[in-house]
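Here are my notes on this model, point by point. They cover enclosed spaces, the open pocket and helix packing.

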Amino acid sequence: MTVPEVLPASKTPAFWPAQPDALADLDISPTLVQDLFVRTVREQGQSSLGSLRERLKLPHMVLEPVFRQLRQQAYLDVKGMQGNDYHFGLTAAGKALAAERASICAYAGPAPVSLVAYDRAVRVQAARVRVSRDSLRQALGDLVLPENLLDQLGPALISQKALFLYGPTGNGKTSLAERLLRVYEDAVLIPYALEMSGYVITLFDPVLHRPLAEQPDDLDARWVLCHRPSVAAGGELVSEMLELRSDASSGIYSAPLQMKANNGILVIDDFGRQVISPRDLLNRWIVPLDRRVDYLTLHHGQKLCIPFEVMVVFATNLDPSELADEAFLRRIHNKIYIEPVTKQCFHEILARVLDERRLSCDAQTAAYVVELCLRHGDALKACYPADLCDILMWRSQYEGRPPQVTRAELDCAAELYFTRVQG
């Protein structure tokens with residue numbers, strides 16, 4: 001269940017902005033387009049309409065009237081033509097105008113969309129998941145999961161409300177959270193940037209957002225057709241990452257994590273171990289989780305109402321009652337305990353790990369792995385097979401021999417892996 005690189009017609013997003021035919025068709029002001037034009041030419045030194053079309057993601061019929069007006073006002077110095085395209089730079093007056101506009105905001109990338117258009121896009125593209133036990137088993141087929149866990153996950157994913165995964169370490173909470181994105185079979189449109197009151201907020205992140213290989217020709221190029229996003233944050237999460245971040249020198253804002261995760265999943269891994277306290281984080285999100293809106297603040301105090309259409313997944317090995325009060329836990333309808341694995345699941349995980357690493361062992365040795373893990377730990381954990389097999393392979397590389405899964409080798413791996421109780 002993965003989004004294909006070429007989207008079939010039946011999976012076309014409900015929100016589909018067509019390529020603008022004229023400057024008047026844009027949802028941003030002509031003044032902003034002019035600012036982008038002169039700032040980009042200033043940055044490039046010399047430019048052309050073709051170059052600006054690629055950089056600003058605006059078609060020729062939008063840029064051409066801006067070019068004519070700036071040329072008429074003596075802001076552009078036309079150097080000549082290459083084919084049917086003008087090559088030009090800025091005059092002294094044009095450089096002064098560009099410097100003045102850059103002092104307010106230096107953004108010179110793809111033209112932004114309006115906050116109104118972005119809000120509509122996110123609302124229209126809110127995820128509607130259809131899963132069954134069979135389809136969920138197929139989507140998560142590379143994990144060994146008990147049926148009762150699938151039966152809890154299914155309704156939680158259909159709800160698209162916040163999900164709390166908790167339980168002992170090493171049983172796959174993070175692995176499970178990372179794979180939940182597989183239940184989405186469609187794609188969404190994400191803008192490069194958006195504009196509010198003359199300020200630009202950059203949103204598209206090539207590290208977090210995965211565009212489809214082929215972008216439709218009839219689409220407004222200020223939007224990118226992407227797989228639904230999955231954004232993860234662990235112990236590095238600080239409160240500043242949840243707010244608009246402004247570059248004082250350029251006047252450009254960067255969208256926070258939850259905004260980049262809109263129409264997808266935001267995973268808060270190792271919840272409770274962040275620099276920001278659990279209480280502060282949860283208090284920050286009480287309103288967004290309840291009302292599906294988030295309030296962000298520009299540097300001068302103006303507040304923006306941003307859609308919050310994101311499924312937040314908290315994963316923790318700490319006691320939920322110690323992390324959040326009853327009022328907040330009540331707002332998280334889906335709380336799933338990831339219990340230690342059974343012997344049957346452990347054997348299946350071990351078999352898969354051995355197969356992936358091209359290792360093998362007999363039934364007696366497999367049973368010894370279970371005995372060994374229970375001897376050193378208080379319960380079986382899903383991570384043990386992979387971790388122990390990795391150590392076996394590292395030892396074999398060190399000793400310059402093929403890896404072997406024997407009792408003696410397993411004892412050496414366990415000695416290195418498990419901690420001793422100091423008496």
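1. Strand 6 is the place to start. This element gives the most to the lining of the largest cavity, with three residues. Bear in mind throughout that the model is predicted. Strand 6 covers 187–191, and two other elements give two or more residues to this lining: helix 5 (115–124) and helix 9 (257–260).

2. Which residues line the largest cavity? Tyr118 and Val122 are among them, as are Leu189, Ile190 and Pro191. The lining also takes in Leu203, His209, Met259, Lys260, Asn262 and Asn263. By class, that makes seven nonpolar residues, three polar and one charged. The volume of this cavity is about 60 Å³.

3. How many cavities of 30 Å³ or more are there in the whole structure? The search finds two. The second largest cavity has a volume of about 40 Å³.

4. The lining of the second largest cavity is made by Leu350, Leu354, Val369, Pro385, Leu388, Cys389, Leu392, Val405 and Leu410. How does this lining divide by class? Nine residues are nonpolar, with no polar and no charged ones. Helix 16 (384–399) and helix 14 (343–356) each supply at least two residues. Helix 16 has the largest share, four residues.

5. Now the open space. The largest pocket holds about 640 Å³. Its lining counts 29 residues, and those closest to the centre are Leu143, Val144, Gly172, Ile349 and Ala382. The lining divides into 16 nonpolar, seven polar and six charged residues.

6. Which element supplies the largest share of the lining of the largest pocket? Helix 14 does, with five residues. Helix 7 (147–159) and helix 8 (173–179) each give at least two residues to the pocket as well. Helix 14 therefore deserves a second look, because it supplies at least two residues to the lining of the second largest cavity and is also one side of a helix contact, where it is oblique to helix 15.

7. That contact comes next. Helix 14 packs against helix 15 (residues 363–376) at an angle of about 120 degrees, and the axes are 10 Å apart. Roughly perpendicular would need 65 to 115 degrees, so the pair counts as oblique. The crossing of helix 14 and helix 15 is right-handed.

8. On the helix 14 side, the contact residues are Lys343, Phe346, His347 and Leu350. They meet Ala366, Ala367, Val369, Val370, Cys373 and Leu374 of helix 15. Eight of the contact residues are nonpolar, one is polar and one is charged. Leu350 and Val369 appear in this contact and also in the lining of the second largest cavity.

9. Helix 15 has another partner, helix 17 (residues 407–417). Here the angle is about 25 degrees, with the axes 10 Å apart. Angles under 35 degrees count as roughly parallel, so helix 15 and helix 17 are roughly parallel to each other. Their crossing is right-handed.

10. Which residues of helix 15 meet helix 17? They are Thr365, Tyr368, Val369, Leu372, Arg375 and His376. Arg407, Leu410, Asp411 and Ala414 are the residues they meet in helix 17. The contact of helix 15 with helix 17 divides into five nonpolar, two polar and three charged residues. Val369 and Leu410 take part in this contact, and both also line the second largest cavity.

11. The last pair is helix 1 (residues 30–44) and helix 4 (residues 92–104). Are they roughly parallel or roughly perpendicular to each other? Their axes come within 9 Å and cross at roughly 110 degrees. The range for roughly perpendicular is 65 to 115 degrees, so helix 1 and helix 4 are roughly perpendicular.

12. Helix 1 brings Asp35, Val38, Arg39 and Arg42 to the contact with helix 4. Helix 4 brings Leu97, Ala98, Ala99, Arg101 and Ala102. By class, the contact has five nonpolar residues, no polar ones and four charged.

Notes: Residues are numbered from 1 along each chain as its sequence is written. This is a predicted model: local features need pLDDT of at least 70, side-chain atom pairs count only at pLDDT 80 or more; totals for chains, interfaces and linings use all residues. Side-chain values use heavy atoms; hydrogens and water are left out. On a 1 Å grid over the protein atoms alone, a cavity is a set of points where a 1.4 Å probe fits but cannot get out, and a pocket is an open set with protein on both sides within 12 Å along at least five of seven lines; lining residues have an atom within 4 Å of a point. Grid points are joined across faces, edges and corners, and a volume is the space filled by probe spheres set on the points. Ala, Val, Leu, Ile, Met, Phe, Trp, Tyr, Cys and Pro count as nonpolar, Asp, Glu, Lys and Arg as charged, and the others, Gly among them, as polar. Axes are lines fitted to C-alpha atoms, for helices over the stretch in contact, and angles run from 0 to 180 degrees between N-to-C directions. Angles under 35 degrees count as roughly parallel, over 145 as roughly antiparallel, 65 to 115 as roughly perpendicular and the rest as oblique. A crossing is left-handed if the near helix is turned anticlockwise from the far one by less than a right angle, and right-handed if clockwise. Contact means heavy atoms within 4.5 Å.
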